[in-house]
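User: I would like to go through this model step by step, with the cut-offs stated as they come up. Please begin with the terms.

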Amino acid sequence: MREIHVNEITKAVAELCIKACTIVAPDIRAYMEKAIGVEMGVAKQVLDDMIKNQDISIERKMPICQDTGMVVAFLEIGQDVHITGGNVADAVQEGVRRGYEEGYLRKSVVADPIDRVNTKDNTPAVIYYDLVPGDKLKITVAPKGFGSENMSRLQMFVPANGLEAVENFVLETVTKADANPCPPIIVGVGVGGTFDYAANMAKRALLRKIGSRHENDFWADVEARLLEKINATGIGPAGFGGFTTCMAVHINTYATHIAGLPVAVNIGCHVNRHEEVIL
């Protein structure tokens, strides 16, 4: 049995919040630098400005975007880990609180969806827990901006609708979103499970690295086909037109009921913030 004190969790979460909001992931940076070579005119300039913005963010230790999001935290807790010194959820929330204060990140969370009173520390975060083998604790922090989050959709299809309906729904969702999620985007898709689990899978799909493929060749082909169709829309970087609307389509799948075909789409903006650490 390995012990991890809650103070370690708080410290890690605070650091992850700051890093996720100020440093773009290497796979996204590499994709944008490559995309500049195929774009022209305004689209090329927009991508260049996005990369310059990323450089300024690192140099000045400032957020990449003014919307520093609502934190979604994924904890993969090893079965042989014993968390000591307090409650794990409280430790995560304290980490978010400290990270947003120390990193001068915008506090965007309101306590009630209707009253709209700001909590002033960007808590509470949304936390998901998974119990896994081993004696490690993996923490992934994904601050989700709502320019992209608001473009998300979920549809409860029936089996008779088939694959065509799934693909059309994804394409329709991206087309309706247009420039709102700050393209070039990453599209996370969850197919199967239940109403809630499809959305969970779509969110987690945004954590995959660009260039990764679904382990099943059938769904890997669907990912590639949808990516091509989305880029053919011509929405382009920031919606100014071009070849680069979407960097990747990532699909997660799960078993489902004989009468169901749930499909969820969660869109990530051009920085698609997330960072992880293993304790």
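Analyst: Contact here means that heavy atoms lie within 4.5 Å. This is a predicted model, in which local features need pLDDT of at least 70 and side-chain atom pairs count only at pLDDT 80 or more, while totals for chains, interfaces and linings use all residues. Residues are numbered from 1 along each chain as its sequence is written, and side-chain values use heavy atoms, with hydrogens and water left out.

User: Leaving aside its neighbours within four places in sequence, which residues is G193 in contact with?

Analyst: G193 lies in strand β7, residues 185–193, where strands (E, at least two residues) and helices (H or I, at least four) are DSSP runs numbered from the N terminus. Its C-alpha is 8.0 Å from that of L261, although 68 residues separate the two in sequence. Once neighbours within four places are set aside, the contacts of G193 are Y254, A255, T256 and P262.

User: Does G193 count as buried or exposed, and at what relative accessibility?

Analyst: Buried means under 20% relative accessible area, exposed means over 50%, and partly exposed is in between, with a 1.4 Å probe and protein chains only. G193 falls under the first of these cut-offs and therefore counts as buried, its relative accessibility being 11%.

User: Which elements are included in what covers the buried residues of α4?

Analyst: Helix α4 (residues 88–102) has 15 residues and reaches 21 Å from its first C-alpha to its last, close to the 21 Å expected at 1.5 Å a residue, a span defined as 1.5 Å times one less than the number of residues. Its buried residues are V88, A91, V92, Q93, G95, V96, G99 and Y100. An α-helix has 3.6 residues a turn, so residues three or four places apart point the same way. The cover over the buried residues of α4 includes α1 (6–22), β2 (70–78), β3 (81–84), β4 (126–132) and β5 (137–144).

User: What is omega for the cis peptide bond from T123 to P124?

Analyst: P124 is placed in the loop between α4 and β4. The peptide bond that leads into P124 from T123 is cis, and its omega is near 5 degrees.

User: Which residues does the cis peptide bond with omega of about 10 degrees join?

Analyst: This bond involves P184, whose place is in the loop between α6 (162–177) and β7. With omega at about 10 degrees, the cis bond joins P183 and P184.

User: What is phi of C182?

Analyst: C182 is found in the loop between α6 and β7, and D178 is also found in the loop between α6 and β7. D178 has a positive phi near 55 degrees despite being a residue other than glycine, and at 41% relative accessibility D178 counts as partly exposed. C182 is partly exposed with a relative accessible area of 37%, and its phi, likewise positive in a residue other than glycine, is near 60 degrees.

User: Why does the radius of gyration agree with that of a compact globule, and what is its value?

Analyst: The radius of gyration is taken over C-alpha atoms, and the globule rule is 2.2 Å times the number of residues to the power 0.38. Because the chain has 279 residues, a compact globule would have a radius near 19 Å, and the protein chain agrees with a value of 19 Å.

User: What percentage of contacts between residues at least 6 apart in sequence join residues at least 24 apart?

Analyst: The protein chain has eight helices and ten strands, and 49% of its 279 residues count as buried. Among contacts between residues at least 6 apart in sequence, the share that joins residues at least 24 apart is 81%.
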